[in-house]
Amino acid sequence: QVQLVESGGGLVQAGGSLRLSCAASGLTVRSAALGWFRQAPGKEREFVTAIDWSGTSTYYVDSMKGRFTISRDIVKNTLYLQMYSLKPEDTAVYYCVADEARRVGVEWDGADYWGKGTLVTVSS
């Protein structure tokens, strides 16, 4: 059973930083890729970023490039999303996701496995 547990969300002022973590278990690391979606209140789910488990390939939506960094720690089985220069528009529930087949390098329209999410609120 794949389990993804996010943490690190909270309240931050615009311009601030947060690091989200996702503890992953049950993944077949050779085939899995991981990433993050977010969903703002009243808006559709939005793909943010993805990374292959080796860490050699990453993909970011243009609006997040230069502000968000995805990484992973193989030893700790943990995925991270480092966010800085946060904007009120970044306010959303952020979901850690994993997928067995989707490729890093394209915008994902979904994922095989989802965490329950962690709320990031950016005040203006």
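A salt bridge here means a side-chain nitrogen of Lys or Arg sitting within 4 Å of a carboxyl oxygen of Asp or Glu. By that yardstick, Arg38, Glu46, Arg67 and Asp90 hang together in a network of salt bridges. The model is a predicted one, and the structure holds 7 salt bridges.

Arginine 38 is a handy place to start. One of its partners is glutamate 46, with the closest N and O atoms 2.8 Å apart. The two residues differ in how much cover they get: arginine 38 counts as buried because its relative accessibility is 6%, against a cut-off of under 20%, while glutamate 46, at 29% relative accessible area, is partly exposed. Arginine 38 also meets the side chain of aspartate 90 in a salt bridge, at 2.9 Å from N to O. Arginine 38 belongs to strand β4 (residues 33-39) and aspartate 90 to the loop between β8 (78-83) and β9 (92-99), so this pair ties together parts that lie 52 residues apart in sequence. Both of these residues, arginine 38 and aspartate 90, are buried. As for the chemistry behind such pairs, side chains of opposite charge can pair when their charged atoms come close.

Another salt bridge joins aspartate 112 to arginine 102, with the closest N and O atoms 4.0 Å apart. Aspartate 112 and arginine 102 both sit in the loop between β9 and β10 (113-114), 10 residues apart. Aspartate 112 is partly exposed, with a relative accessible area of 40%, and arginine 102 is likewise partly exposed, at 30%.

Turning to the fold, the chain has 0 helices and 11 strands. Read from the N terminus, then, the run of elements is β after β. Of these, 4 strands make up an open sheet with antiparallel pairing, in the order β1-β3-β8-β7. Strands β1 and β7 (68-73) are the edges of this sheet, each pairing on one side only. On average, neighbouring strands in the sheet are turned by 20 degrees against each other, ignoring direction.

The β1 edge can be followed residue by residue. Strand β1 (residues 3-7) runs antiparallel to strand β3 (residues 18-25), and 5 bridges join the two. Within this pairing, valine 5 has alanine 23 of β3 as its bridge partner, and glutamate 6 stands opposite cysteine 22 in β3. Side chains in a regular strand alternate between the two faces of the sheet. In β1, Leu4 and Glu6 are on the covered face, whereas Gln3, Val5 and Ser7 are on the uncovered one. Valine 5 and glutamate 6 therefore point to opposite faces, in keeping with that alternation.

What about the chain as a whole? Its C-alpha atoms fill a box of roughly 40 × 25 × 25 Å along the principal axes. The radius of gyration is 13 Å, which agrees with the value near 14 Å for a compact globule of 124 residues. Buried residues account for 44% of the 124 residues. Among contacts with a separation of 6 or more, 56% are between residues 24 or more positions apart. The accessible surface comes to about 6500 Å², and carbon and sulfur atoms contribute 47% of this surface.

Notes: Residues numbered from 1 in each chain as written. Predicted model: local features only at pLDDT ≥ 70, side-chain atom pairs only at ≥ 80, totals over all residues. Heavy atoms only, no water. Buried < 20%, exposed > 50% of the residue type's maximum accessible area, 1.4 Å probe, protein only. Pairing = 2+ DSSP bridges. Rg over C-alpha atoms; globule rule 2.2 N^0.38 Å. Contact = heavy atoms within 4.5 Å. Areas by Shrake-Rupley, 256 points an atom, 1.4 Å probe, with all protein chains shown as cover. Axes fitted to C-alpha atoms, helices over the stretch in contact; angles between N-to-C directions.
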